[in-house]
Amino acid sequence: MKILKFGGTSVGSASSIQTLLQILKAEHSQGNRPVVVLSAMGGVTNLLVEMAENAAAGREFTAQLAELEKRHFDVVKALLDIQNQNPAFTRLKIHFNQLEELLQGVLTLRELTPKTRDQILSYGERCSTLMVSKIAAQHFPEALFVDASELIKTDSAFGQAKVNTELTELLIQSFYRENSDKLLFVTGYIAGNDAGQITTLGRGGSDYTAAIFGSALNAEEIQIWTDVNGMMTADPRMVQKAFPLEELSYTEAMELSYFGAKVIYPPTMIPAFLKKIPIVIKNTFEPEFAGTVIRHDCKSSNLPIKGISSINNISILNLQGSGMVGKSGFSGRLFSLLAREQINIILITQSSSEHSITFAVQPHDVEKAKQVIELEFELELLANKLEPLVIESNQAILAIVGENMKQTPGMSGKLFHALGRNGVNVRAIAQGSSEYNISVIISANELSKAINAVHDAFFINLTKTLHAFCLGTGNIGKTLFNQLNAHKDYLQKNNGIQVKVVGISNTRKMVFNIDGLSLDTWQDELQESMHEADLSAFISKMKDMNLPNCVFIDNTASPKPIAFYEEVFKSNISVVTCNKIGNSAAYSQYETFRDTARKHGVDFFYETNVGAGLPIIRTLKDLMNSGDRVKRIEAILSGTISFIFNHFKGEANFHDVVKEAQEKGYTEPDPRDDLSGKDFMRKILILARDAGYHMEEADVKIKSVLPKACLEAATVEDFYASLKAENAFFDDLKQQAEAGKKVLRYIGKLEDGQASITLHMVDENHPFYMLSGSDNIISFTTDRYKERPLVVKGPGAGAEVTAAGVFADLINVGAN
Ligand code: ADP
Ligand code: ASP
Ligand code: MG
């Protein structure tokens, strides 16, 4: 025999009740006659709570009562044959009238006792079960409505009554024997005390009703039918990537539900555990899906943890002082006091020095806890042996749960790393002595970010989501979006990485979408956005969205975003940029960026500052990190100048070559920005700093390629004219080189802490002799690479390779 419990959504509408009937028919056709336990229609218990509270406060409740009637009557009309409708309406109407009378009483007295409250709430299950049993009777004539308040006997702790198991089991067994030919439809959640008054088993308690029946009748299985595919790795409303678990032990299910996994009510596990009855959680709306089995001999799993639960909105109380040190019985006194007052303590931590005790309670218990503690410890407080109680509200608990934690070291490290990286401050930690769970208290407004980050960290075989905020939609920005779009499936499949671009801004507009902007239509969305570009507002929005694994991408060449980098790091957001200005301004700023990023556990990647997508910065860092020391760096890092000198030979004149370079899009609008060596200087400076030299811009000696007259020309046109005028100077250079079988190369050099950029003539023995097109080349001579330097060479300019470098940096964020 099985118990089938259907929750609020499963009885919440005519169509879901039809699905429920299909499930029962399938059981029936296999010769099974289950006991069916039902919840109130979805949302009805909350509605009843509201009505009761309105009445107690002297407010109207008639509109809600009408809504309640309508919801039930609509289902009756939809699912009962005409001739059966009237008797059902009459029975339901009797309930609604009784309910109204009760509420009137509360309204008159302005008083809502726990006893009356339970009685009011009981109408949810009584009405739904009555209604469904009538509908079911059209298919199963043996259907019988059962009011569980006559069978489940409890004490009088209204709202959360404790079951008298022995008596209850006898009553259920004898009732079942007497009705062995019936198909029972039992009200969930409600019970009764010795005096025949209605009690309830705690919110969500219909699951518990099912387990109580299951235990009394030695059921082979207890099925909990709900609206999700089983117990999931996290609350699916908070974590999109949560997935259903195949199997769990009773303890794991208990811990997960205790810490907030609402899908099953924690006490449900106890009767099932004692009798070793499996609990199966299944989805009414996807009945073929196997769901989750909670069982005794659950097979071992390779998941490091089973799931992550959370309780939002709790308060923490902290008691500390010298009066606690070494005082045996102090915590006993505190906790028995709270137990006596029926204050439920969700979590406790005590420092090893016994100097402080922190515990978490529901917000509605705070005032009472404060009062009783201050009274109990009045003397200690007066004598300053205890400091005044500190209360903090708006906190949340996040717990990771799983039996495997016991065998696997490093679980807490992983948890704290994920939280730390995302700037989530942990207020208190508790690990159950069973080591089945580790719980932390964090600020409630960090919960969503925290739970997603922790989920990503533990279920590594799943996709990790990076949330990108991108500045700049020029060539590089645009190309990056195209590359991300083209590679998204590959990334997901091969690297388990999903990149969501959640914010984009250029100098005109900005646009946001927490679910990720479409990389096909972002241009239209940006164009149509109502938000005018505002860098400071962009940064604020990025901080407010408080997303896990967040990356700020600066694809501009503007100094403006740089001013925000520090703030971004402080918000635990990584920065990826091709913008060189930040790293090549004052050394103090260069240092601050690194220190701040490190302190906040985030990444600062700027591979494309030097040589576009070529792995230059990474190579240098790897050398340094592995203990090597740079002796000399020689490099050609200006694609533009390379192009020019590679074409300035034979008949060509310098003016025409520069012009050609400009026409081909290799130069800045004013080619002197390249030819002056300023851009090259920035790259050498960044390399020198990354190689460990404390250097400023003025320390890089630049010998310009251009004679003074060209540099000083007023306009670009004048500049070209001056190139013509200086033709002899350039020709002379060319002839000298050619006569010596050499080529002209504009080379940056760092040696013994001296940096320079100078025009050289190199012969065929020089490694830079063969450089072609607009390629970059860099050679590192180090302690390890001293005979033959380590050389990196390749295309060092262009939107495609630069965007690819930014892309690679982005993917590396959070990799270690
Ligand atoms: P019912 O009315 O069927 O009893 P509940 O609303 O009580 O349903 O519980 C099901 C809901 O629990 C799901 O819709 C889901 O949003 C929520 N939930 C929270 N944590 C989890 C979890 N870890 N796994 C599955 N569901 C969860
Ligand atoms: N209807 C009750 C509640 O909403 C019990 C249940 O659904 O399990 O809490
Ligand atoms: Mg429930």
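Buried here means under 20% relative accessible area, exposed means over 50%, and partly exposed is in between (1.4 Å probe, protein chains only). With that in hand, load the whole thing: buried residues make up 53% of the 816 residues in the protein.

Some ground rules before you click. This is a predicted model, in which local features need pLDDT of at least 70 and side-chain atom pairs count only at pLDDT 80 or more, while totals for chains, interfaces and linings use all residues. Residues are numbered from 1 along each chain as its sequence is written, chains are lettered from A and ligands numbered from 1 in the order in which they are written, and side-chain values use heavy atoms, leaving out hydrogens and water.

**Zoomed out**

Colour by secondary structure and you get 29 helices and 29 strands; helices (H or I, at least four residues) and strands (E, at least two) are DSSP runs, numbered from the N terminus. The radius of gyration is 36 Å, well over the 28 Å that the globule rule gives for 816 residues, so the protein is more spread out than a compact globule. That radius is taken over C-alpha atoms, and the rule is 2.2 Å times the number of residues to the power 0.38. Show just the C-alpha trace, and its span along the principal axes is about 115 × 75 × 50 Å. If you draw a contact map (contact means heavy atoms within 4.5 Å), take the contacts with a separation of 6 or more: 72% of them join residues 24 or more positions apart.

**Stop 1: helices 2 and 4**

Select 44-56 and 82-109, which are helix 2 and helix 4. Their axes come within 7 Å and cross at roughly 35 degrees. For the geometry, axes are lines fitted to C-alpha atoms, for helices over the stretch in contact, and angles run from 0 to 180 degrees between N-to-C directions. Helix 2 passes helix 4 in a right-handed crossing; the near helix is turned clockwise from the far one by less than a right angle in a right-handed crossing, and anticlockwise in a left-handed one.

Now show side chains. Leu48, Met51, Ala52, Ala55 and Ala56 in helix 2 meet Leu99, Leu103, Val106 and Leu107 in helix 4. By class that gives nine nonpolar residues, no polar and no charged. The classes: Ala, Val, Leu, Ile, Met, Phe, Trp, Tyr, Cys and Pro are nonpolar, Asp, Glu, Lys and Arg are charged, and the others, Gly among them, are polar.

**Stop 2: helix 7 and strand 7**

Jump to 206-216. How many residues of helix 7 are buried? The count is 11 of its 11, and among them are Tyr208, Ile212 and Phe213. Just after helix 7, check Asn218, with a positive phi of about 50 degrees.

Next pick Thr226, in strand 7 (residues 221-226). Thr226 is buried at a relative accessible area of 14%. Beyond residues up to four places away in sequence, Thr226 touches Thr9, Ser10, Val263, Ile281, Lys282, Asn283, Thr284 and Phe285.

**Stop 3: helices 10 and 11**

Select 330-340 and 366-376. The axes of helix 10 and helix 11 come within 10 Å and cross at roughly 135 degrees, and the crossing is right-handed. On the partner list, Arg333, Leu334, Leu337, Leu338 and Arg340 in helix 10 meet Ala369, Val372, Ile373 and Glu376 in helix 11. This contact has six nonpolar, no polar and three charged residues.

Step on to Gln342, in the loop between helix 10 and strand 12 (345-350). Gln342 is not a glycine, yet its phi is positive, near 60 degrees. Gln342 is also exposed, with a relative accessible area of 68%.

**Stop 4: two more loops**

Asn549 lies between helix 17 (535-545) and strand 21 (550-554), with a positive phi near 45 degrees. Is Asn549 buried or exposed? At 14% relative accessibility, Asn549 counts as buried.

Arg629 is in the loop between helix 21 (617-625) and strand 24 (630-636), and is partly exposed at 49%. Measure across to Phe780 in your viewer: the C-alpha atoms are separated by 9.9 Å, with these positions 151 residues apart along the chain. Neighbours within four places in sequence aside, Arg629 contacts Thr781, Thr782 and Asp783.

**Last stop: helices 23 and 27**

Select 654-663 and 716-725. Helix 23 and helix 27 pack at about 145 degrees, axes 8 Å apart. Phe654, His655, Val658, Lys659 and Gln662 of helix 23 face Phe719, Tyr720, Leu723 and Lys724 of helix 27 in the contact, which divides into five nonpolar, two polar and two charged residues.
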